[in-house]
Amino acid sequence: MGIISWIILGLLAGVIAKILLPGRDPGGLIGTTLIGIAGAFTGGWISSRWLDRPITKDFYDGATWVSAIGGALVLLIAYRILFGHSRSR
C-alpha cells in the first residue's frame, strides 16, 4: 500500500474509532481525523514490528484494518487523557 492508501485508511479508521468511542474530543473533527491517520501508521508499525504480522499490499486485508482502528483508538484515548477537559473547569 502506498502513502495515499494509508492516509485514506487512517481517515476511515479515525471515523470508525470515533463511532466506537463517542464523546467530545478536544480537537474536534480535524483533530480526530489526524489522530486516525497517525493511529493507522502507528497500528501498522506495531503490527509489523512486534506482532510479527507483516503489512500486506492489499487494502482490504482485515488485519490491516484492525491494526489501523486499534492504533486510532489507542491514540484517541491517550489524546483524551492528556488534553481532555477536566470536570473541575
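# A tour of a three-helix chain

Of the 89 residues in this chain, 30% count as buried. The model is predicted, and the mean pLDDT of the chain is 76, with 82% of residues reaching 70 or more. Colour the chain by pLDDT before going further. Confidence is highest in helix H3 (residues 62–83), with a mean of 82, and lowest in H2, with a mean of 79. Where pLDDT is low, the predicted coordinates should not be read in detail.

**Whole chain**

Switch to a cartoon view. The chain has three helices and zero strands, and from the N terminus on the order of elements is α-α-α. Now display the contacts with a sequence separation of 6 or more: 76% of them join residues 24 or more positions apart.

**H1 against H2**

Select residues 3–20 for H1 and residues 28–49 for H2. Two packed helices are described by the angle between their axes and the distance between the axes. Here the angle is about 115° and the axes are 7 Å apart. The crossing of H1 and H2 is right-handed.

Which residues of H1 meet H2? On the H1 side, select Ile-3, Trp-6, Ile-7, Leu-9, Gly-10, Leu-11, Ala-13, Gly-14 and Lys-18. On the H2 side, the partners are Thr-32, Thr-33, Gly-36, Ile-37, Ala-40, Phe-41 and Gly-44. Coloured by class, the residues of this contact divide into nine nonpolar, six polar and one charged.

**The nonpolar core**

Next, show side chains for the largest nonpolar core, which holds 11 residues. Its members are Trp-6, Leu-9, Ala-13, Ala-17, Ile-35, Ala-40, Trp-65, Ala-68, Ile-69, Ala-72 and Leu-76. H1, H2 and H3 each supply at least two residues of this core. Which helix gives the largest share? H3 does, with five residues.

**Stops along H3**

Start with Trp-65, a member of that core that is found in helix H3. Trp-65 counts as buried because its relative accessibility is 18%, under the 20% cut-off. Draw a distance from its C-alpha to that of Gly-43: the two residues are 22 apart in sequence and 9.1 Å apart in space.

Move on to Ser-67, also placed in helix H3. Is Ser-67 buried or exposed? Ser-67 has a relative accessibility of 12%; buried means under 20%, so Ser-67 counts as buried. Which residues does Ser-67 contact, leaving aside neighbours within four places in sequence? Select Gly-39, Gly-43, Gly-44 and Ser-47. Of these, Gly-44 also belongs to the H2 side of the contact with H1.

Then select Leu-75, which lies in helix H3. Leu-75 is partly exposed, because its relative accessible area of 28% falls between the limits of 20% and 50%. Not counting residues up to four places away in sequence, Leu-75 touches Ile-35, Ala-38, Gly-39 and Thr-42. Among these, Ile-35 is a member of the largest nonpolar core, and Gly-39 is also in contact with Ser-67. Measuring in the viewer from Leu-75 to Ile-35 gives 6.4 Å between C-alpha atoms, for residues 40 apart along the chain.

**Last stop: Leu-29**

Return to helix H2 and select Leu-29, which lies there. Is Leu-29 buried or exposed? Its relative accessible area is 68%; exposed means over 50%, so Leu-29 counts as exposed. For a final distance, pick the C-alpha atoms of Leu-29 and Gly-14, which are 9.4 Å apart in space and 15 residues apart in sequence. Gly-14 is one of the H1 residues that meet H2.

Terms used
Residues numbered from 1 in each chain as written. Predicted model: local features only at pLDDT ≥ 70, side-chain atom pairs only at ≥ 80, totals over all residues. Heavy atoms only, no water. Axes fitted to C-alpha atoms, helices over the stretch in contact; angles between N-to-C directions. Helix = DSSP H or I, 4+ residues; strand = E, 2+ residues; numbered from the N terminus. Left-handed = near helix turned anticlockwise from the far one by under 90°. Contact = heavy atoms within 4.5 Å. Nonpolar A, V, L, I, M, F, W, Y, C, P; charged D, E, K, R; others polar. pLDDT = per-residue confidence, 0-100. Core = buried A, V, L, I, M, F, W, Y, C linked by side-chain atoms within 4.5 Å. Buried < 20%, exposed > 50% of the residue type's maximum accessible area, 1.4 Å probe, protein only.
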